[in-house]
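Student: I've got a model open and want to go through its ligand sites. Can you walk me through them?

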Amino acid sequence: EVKRSGRGRTLAFDETFAESLRRRFNLSRALSEAIGSDALYVAYQPIVCARTGALLSYEALCRWDHPELGTIRPDEFIRLAEDTDRIVALGNWVLERACTDAVQWRRQGVSAKVAVNVSVKQLTLDTFALHLVSILSRTGLSPTCLEVEVTESVFDDGHIEQVTQTIKHLKALGVNIHIDDFGTGYSSLSRLRHLNVSGIKIDQSFVADLSGQSRVIIESTILIARAFGLTIVAEGVETDDQRETLRTLGVDQLQGYLLGRPQRLSDILGADTLSETAA
Ligand code: C2E
Ligand code: MG
Ligand code: MG
Ligand code: MG
């Protein structure tokens, strides 16, 4: 045993690597088939006003229940979709689904907007704005009821001109853009202002560590974001303490398990509209 341990370890490593490659290969093939099927669906998580608790919007979060492999986490299949360029088909499917669903809940008196995650690969296609227009007109959703969430990586050099152009078009339509997972990348707040972004979502890692150094980062971020007129959303809010602290610091909107888990459309439609908007 001891003598062979070095070689054994290499073997074990190779096995693990081979196994993970196999999984990626299988999932990758399965994902293509899943897009547009019932295996893939969208869950909606509430985003509420920090002051009043009123429901403002639902974030669309993609879910995949594989018939044999079970539930695949978004972190895994979104990454996979990014790597294989299927993210465009997947993302467009989510976008259309989310707009369709938002029209449905709004018809039932739930006046929440919908926030949709859009990958850099989607946003930097020069057809994105046009595609969005066709989805909006097909579904009948008002552009002002749609928010697009993109990560800071859209500001990486290489596609800044395309991104600037696309954001300009979205703004002209009335669609707002929020920067997701803010603080985990390298974008500066002044750059966001130049690009006409309307808000930031402070990453949940900062919210999880409010008693530590994150608090200083959040405080200064809020000060600058406020001065620029940006809407400030905090994600990953799990405790009353976090909610109170964030509210005191001046965060505008809150999202997290404390306020509500991602849920299916049927739960939104089945819910009592009055209790939805209550604190
Ligand atoms: P995200 O956009 O930052 O979404 C927030 C994530 O935090 C979601 O994870 C949500 O379920 C989770 N979350 C919400 N509240 C809490 C909380 O209180 N505590 C904790 N620990 N987590 C909370 P999820 O659904 O697993 O999605 C992960 C990421 O996958 C998303 O992060 C987003 O970047 C990506 N994603 C999901 N759906 C789509 C999609 O349709 N398109 C694209 N491009 N990306 C997507
Ligand atoms: Mg998001
Ligand atoms: Mg986020
Ligand atoms: Mg996140």
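**Metals and ligand 1**

Tutor: Let's start with a metal. The donor residues of the magnesium ion (ligand 2) follow the sequence spacing E-x57-N-x31-E-x30-D. Keep in mind that this is a predicted model.

Student: Which protein donors does the magnesium ion (ligand 2) have?

Tutor: They are Glu59 (OE), Asn117 (OD1), Glu149 (OE) and Asp180 (OD). They lie 2.0 to 2.2 Å from the ion.

Student: Where do Asn117 and Glu149 lie?

Tutor: Asn117 is in strand E4 (residues 113-117) and Glu149 is in strand E5 (residues 146-151), so this pair ties together parts that are 32 residues apart in sequence.

Student: OK, the other metal. What coordinates the magnesium ion (ligand 3)?

Tutor: Asp180 (OD), Asp181 (OD) and Glu235, which is listed twice through OE. The distances run from 2.1 to 2.4 Å. The sequence spacing of these donor residues is D-D-x53-E.

Student: And where do Asp181 and Glu235 sit?

Tutor: Asp181 is in strand E6. Glu235 is in the loop between strand E8 (231-234) and helix H10 (240-249). The two are 54 residues apart, so the pair links distant parts of the chain.

Student: Which residue bridges the magnesium ion (ligand 3) and the magnesium ion (ligand 2)?

Tutor: Asp180 does. The two ions lie 3.9 Å apart.

Student: Switching to ligand 1. How many residues surround it, and which are the closest?

Tutor: There are 21 around ligand 1. The closest are Arg63, Asn117, Asp180, Glu238 and Tyr257.

Student: What polar contacts do you see?

Tutor: Here are three, each to an oxygen atom of ligand 1. Tyr257 uses a backbone N or O atom, at 2.8 Å. Asn117 uses a side-chain N or O atom, at 2.9 Å. Glu59 places a polar side-chain atom at 3.0 Å.

Student: How much of the accessible area of ligand 1 does the protein cover?

Tutor: It covers 85% of the 800 Å² that ligand 1 has on its own. The space ligand 1 takes is the largest pocket.

Student: Which elements give two or more residues to the shell around ligand 1?

Tutor: Strand E2 (55-66), helix H2 (74-83) and strand E6 (176-182). E2 gives the largest share, four residues.

Student: How do the shell residues divide into nonpolar, polar and charged?

Tutor: Eight are nonpolar, six polar and seven charged.

Student: Give me a quick recap on Asn117.

Tutor: Asn117 is a donor to the magnesium ion (ligand 2) through OD1. Asn117 is also among the closest residues to ligand 1.

How values were computed:
Residues numbered from 1 in each chain as written. Chains lettered and ligands numbered in written order. Predicted model: local features only at pLDDT ≥ 70, side-chain atom pairs only at ≥ 80, totals over all residues. Heavy atoms only, no water. Near = heavy atom within 4 Å. Polar contact = N/O pair within 3.5 Å; in protein donor to acceptor, adjacent residues only side chain to side chain. Areas by Shrake-Rupley, 256 points an atom, 1.4 Å probe, with all protein chains shown as cover. 1 Å grid on protein atoms, 1.4 Å probe; cavity = no way out; pocket = protein on both sides within 12 Å on 5 of 7 lines; lining within 4 Å. Sits in = over half its atoms within 2 Å of the grid points. Nonpolar A, V, L, I, M, F, W, Y, C, P; charged D, E, K, R; others polar. Donors = N, O, S within 2.8 Å, 3.2 Å for Na, K, Ca; no water.
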